[in-house]
Amino acid sequence: MSIKPLADRVVAIKEAALEKTASGLYLGEAKEKPSYATVQSVGPDVKAVKKSDKIIFREYSATEVKIDQTDYLIIKEEDILATL
């Protein structure tokens, strides 16, 4: 089953959070740290990202949905901080 987002929404799958940097430093806990995800589909009004982009977004701004054992995130385009 595929999810078709409306308006300026993006559907993504969350990636595991980084706990350690490439140089071996452990990252501490932050009040609201950014999260990483891979875009699966985009709504018709989304202009800045496309399918398969890796994005950074605010952790608590996404709506989580579980369909067929897969956890999806629905995120407004304005809550996406950057692409990788």
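This short report walks through a nonpolar core and a few residues of a predicted model.

## The nonpolar core

Let's start in the middle of things. The largest nonpolar core has 12 residues in all: Val10, Ala12, Ala37, Val39, Val46, Val49, Ile55, Phe57, Ala62, Leu73, Ile75 and Ile80. Strands β1, β2, β3 (54-58) and β5 (70-76) each chip in at least two residues of this core.

Val10 is one of the core residues, and it has plenty of company. Setting aside residues up to four places away in sequence, Val10 touches Pro5, Val39, Ser41, Val42, Val46, Val49, Leu73, Ile74, Ile75 and Ile80.

## Arg9 in strand β1

Arg9 sits in strand β1, which covers residues 9-14. With a relative accessible area of 31%, Arg9 falls between the 20% and 50% cut-offs, so it counts as partly exposed.

What does the side chain of Arg9 make a polar contact with? The partner is the side chain of Asp8, at 2.9 Å. Beyond residues up to four places away in sequence, Arg9 also touches Val42, Gly43, Val46, Ile74, Ile75 and Lys76. As for Asp79, that residue is 70 residues from Arg9 along the chain, yet their C-alpha atoms are separated by 9.6 Å.

## Ser35 in strand β2

Over in strand β2 (residues 34-42) you'll find Ser35. Is Ser35 buried or exposed? Its relative accessibility is just 6%, and buried means under 20%, so Ser35 is buried.

Ser35 has contacts from further along the chain, too. Leaving out neighbours within four places in sequence, Ser35 is in contact with Lys14, Ile55, Ile56, Phe57 and Glu59. Two of those, Ile55 and Phe57, are members of the nonpolar core described above.

Key. Residues numbered from 1 in each chain as written. Predicted model: local features only at pLDDT ≥ 70, side-chain atom pairs only at ≥ 80, totals over all residues. Heavy atoms only, no water. Helix = DSSP H or I, 4+ residues; strand = E, 2+ residues; numbered from the N terminus. Buried < 20%, exposed > 50% of the residue type's maximum accessible area, 1.4 Å probe, protein only. Contact = heavy atoms within 4.5 Å. Polar contact = N/O pair within 3.5 Å; in protein donor to acceptor, adjacent residues only side chain to side chain. Core = buried A, V, L, I, M, F, W, Y, C linked by side-chain atoms within 4.5 Å.
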